[in-house]
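Subject: Structure for your files

Hello,

Here is the structure I said I would pass on. My notes on it follow below.

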Amino acid sequence: MKQLLILSGKGGTGKTTIASAFIKLSDTKAYADCDVDAPNLHLITQQVSEPKKTDYYGLSKAEIDTVLCIACGKCMENCRFDAISTEVIYQVDYFACEGCGVCEAVCPVKAISLKPAVAGELMLYVNGKKVFSTAQLRMGNGNSGLLVSEVKKQMKNASGKVDIALIDGSPGIGCPVIASISGVDMVLIIAEPSVSGISDMERIIKTATKFGTKIAVCINKYDTNLENTDKIEEYCIEQGLPFAGKIPFDQDAVKAVNNGYSIVDIDCPSGTATKEIYTKTIKILLNEMVG
Amino acid sequence: MRIAVLSGKGGTGKTLVSVNLAVVAKKSIYIDCDVEEPNGHLFFKPMVTEEKEISMQIPKVDEAICNGCRKCVDFCKFNALAYIKGKIIVFDDVCHSCGGCMILCPQKAISGRNKSIGKIRAGSSDGVVVYTGILNTGEASGVPIIKELLSGIESEHNKTIFIDCPPGSACIVMESIKDADYCILVAEPTLFGVHNLNMVYELVKLFNKPFGAVLNKCLEGENPAEKFCIEKDIRILGKIPFDRQLGTLNSNAKIAVKENKKYEEQFSTLLDAIIKEAPYETATNT
Amino acid sequence: MRIAIPSDEKNIDSSICVSFGRTPYFLIYDTDTKIREFIDNSTAASSGGAGIKAAQILVDEKTDALITPRCGENAADVLKSADIKIYKSISSSIKDNIDAFVSGKLCLLDEIHPGFHGHRK
């Protein structure tokens, strides 16, 4: 199984729209949405059945037993995250608590314990031979890196014999992105032709290079800024990175997405450009082209 | 008054809205809380007057006193300590700075040393005071930087504070809106936009913050984000139509309201709507 | 010599786990006595620092060498401080790797990758 990951650095570049187009074009039997903070892929890939849901446990959170509590304040005094407050009773702020266990350790009457907390939910959609793995992290939670790894593992375990698996990655450059990149064969970066988009694209390339995965770059909404588009193409040549193509801004794309179907389901400029980028990307992935 | 600008996802127009509102408000303060990828300074290009290093405490073990009991290694929930060949090794990047090892060491062999995690830059640009929070690449949490950014600002009379929040609804966003008086939810007119709008809608409700929505990149035809706002009875403060010219200016890091009267009027109208709405909302919530 | 191999399952026909820090089990194989032992990796579900803790487990088990497809920098630091040698695995079969090690065919692992930093908010 070869894994192709789609990343963007900055949010809002069109990663999910393009990923869903690739899923349609490849007719892949295994795909995943690693944007666990704000998963969107399920909205556009017409799932027919209910998914199998599994609770995902993140950091344990502290809980104070008010019956045992003697209100000495030692917990609040020692909490470095301002997670303990007292209005009427001593209580832990669920969102601020980092599960460090200091309060549990300093409480003289053992009134505090760390309890496993459900940080999110894994979802697996199975439709015949097709598997789609995704997850939703609950509000205010960290640990997205680990959940991303679980999503990919879930996809791998549930899939049968698959040639190419497609992964819609998470935005940003932090831990969840690094977890997305781990173990994949190729990364396609969707760049936005803006000052902030270029800055984020460069940071992503730096991270992906460290992992030794194949990298290709394409530009979305390129005609919103031709100067920056040229800058990106030049940068790719300088860095020796294959440039997979560029997609124009296309109002029809928005219409397609809002109606729940992919840009390659209709006849539109962005769909046509995406098809070309897809062909080139797959050739690079399968070693049929150096790019 | 503190106004926080947030959205469920990156790329919806948080920075566009907060930067341009700060400029039309004239006497204002702009705070960039998107410490992982701050962008506001690219637009303001502020003259930096002050820079402050933000650090957190990492354990330092005095080997002479350490007796190898390993209480610290066994306690650490983040696996930041290891005991090899009679020595404790501390892993800075995994340490959450909870202080537990220091408190629990029976020999009191552990003390704290400072590790820089980022910085705050203060500056100004044409009357707008600009604060930028920057988290060093690879650092775990931006929460301490945001805490510092927001606590240091004295609410100056007559100055509106615009807080450019990080995208999403994770802890750093929660920290950014904690002391906000009013929240602006920026949404785009797509199916994805609604899904993400819902996330921040839930967040502001959870924190009991008064809020309103700004619909960005509006096109002709049905707007799912508008539909959502109507369904949930969310006040729509304004609509910014999709505009190629605006997009180009933004992608070149230009402040739209300074480049074209049309945008100055657009954002002034939006600011008026917010000012009208916000104090009323704040009053009814206290 | 005691060598450790991250293992997907608790049997000798299992494949090597690609993630050192989050492997469910370690096979500890003694090349002198030829005794095999599977130990649980208690740290597999940690939110962070899994590599460090897994390396600590190997140190405590008095391991001499580790065979793995890759290793993060934090775990590598722990292992290097303990003089545990890290070898690059050749295939996904545990058996093949043991044979290769015993016949001196394995190379040391050079490419240490940066850690999956900051599993926090």
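**Around α8 of chain A**

Just after α8(A), Gly260(A) takes a positive phi of about 80°. Bear in mind for this and everything below that the model is predicted. Helix α8 of chain A covers residues 251-258, and its buried residues are Ala253(A), Val254(A), Ala256(A), Val257(A) and Asn258(A). The cover over those residues includes elements of two chains: α1 (15-26) and α9 (269-285) of chain A, together with α7 and α8 (224-231) of chain B.

**The rest of chain A**

Chain A is split into domain 1 (2-56 + 120-285) and domain 2 (59-116). Between the C-alpha centres of these two domains of chain A there are 41 Å.

Helix α4 of chain A, residues 144-158, is the other helix I looked at in this chain. Its 15 residues reach 21 Å from the first C-alpha to the last, close to the 21 Å expected at 1.5 Å a residue. The buried residues in α4(A) are Ser144(A), Gly145(A), Leu146(A), Leu147(A), Val148(A), Glu150(A), Val151(A), Lys152(A), Gln154(A) and Met155(A). Among the elements of chain A that cover them are the strands β2 (30-33), β3 (52-57), β8 (118-127), β9 (130-137) and β10 (164-168), and also α5 (175-181).

**The contact between chains A and B**

Chain B puts 41 residues into this contact and chain A puts in 39 residues. On the side of chain B that touches chain A, the elements giving two or more residues are α4 (100-104), α6 (171-177), α7 and α9 (244-251) of chain B. Of these, α7(B) supplies the largest share, seven residues.

**The sheet of chain B**

Chain B has an open sheet of nine strands with mixed pairing, in the order β3-β6-β7-β2-β8-β1-β9-β10-β11. The edges are β3 (47-61) and β11 (236-241) of chain B; each has a single partner strand, so one side of each is left without a neighbour in the sheet. From one strand to the next the twist averages 20°.

Strand β2 of chain B (residues 28-32) pairs with strand β7 of chain B (residues 128-135) in the parallel sense, over five bridges. In that pair, Tyr30(B) stands opposite Val130(B) in β7(B).

Two helices pack on the sheet. Helix α1 of chain B (residues 14-24) touches β1 (2-6), β2, β7, β8 (160-164), β9 (182-187) and β10 (211-218) of chain B, and its direction makes about 165° with that of β8(B). Helix α7 of chain B (residues 191-206) touches β1, β9 and β10 of chain B, and its direction makes about 170° with that of β9(B). This α7(B) is the helix named above for its seven residues on the side of chain B that touches chain A.

What of β8(B): how many of its five residues are buried? Five of the five are, so β8(B) is largely enclosed by the rest of the structure. Both of its faces are covered, with Thr160(B), Phe162(B) and Asp164(B) buried on one side and Ile161(B) and Ile163(B) buried on the other. In general, the side chains of a regular strand alternate between the two faces of the sheet.

The neighbours of β8(B) in the sheet are β2 and β1 of chain B. The pairing of β2(B) with β8(B) is parallel and has five bridges, and there Ile31(B) has Ile163(B) as its bridge partner. β1(B) also runs parallel to β8(B), joined to it by four bridges; the bridge partner of Ile3(B) in β8(B) is Phe162(B).

One loop residue in chain B is worth a line. Glu36(B) sits in the loop between β2 and α2 (40-44) of chain B. Glu36(B) counts as buried because it has 21 C-beta neighbours inside 10 Å, where the cut-off is 20 or more. Its C-alpha atom is 21 Å from that of Leu197(B), which is 161 residues away along the chain.

**Chain C**

Chain C contains three helices and five strands, which follow the pattern β-β-β-α-β-α-β-α along the sequence. Its radius of gyration is 13 Å, which agrees with the value near 14 Å for a compact globule of 121 residues. Taken along the principal axes, the C-alpha atoms of chain C fill a box of roughly 45 × 25 × 25 Å. Of the 121 residues in chain C, 48% are buried. Among contacts in chain C with a separation of 6 or more, 45% are between residues 24 or more positions apart.

Regards

How values were computed: Residues are numbered from 1 along each chain as its sequence is written. Chains are lettered from A and ligands numbered from 1 in the order in which they are written. This is a predicted model: local features need pLDDT of at least 70, side-chain atom pairs count only at pLDDT 80 or more; totals for chains, interfaces and linings use all residues. Domain bounds come from an automatic or database domain assignment. Two strands pair if DSSP finds at least two bridges between them. Axes are lines fitted to C-alpha atoms, for helices over the stretch in contact, and angles run from 0 to 180 degrees between N-to-C directions. Two residues are in contact if their C-beta atoms, placed from the backbone, lie within 7 Å. The expected span of a helix is 1.5 Å times one less than its number of residues. A residue is buried if 20 or more other C-beta atoms lie within 10 Å of its own, exposed if 12 or fewer, and partly exposed in between; C-beta atoms are placed from the backbone. The radius of gyration is taken over C-alpha atoms; the globule rule is 2.2 Å times the number of residues to the power 0.38.
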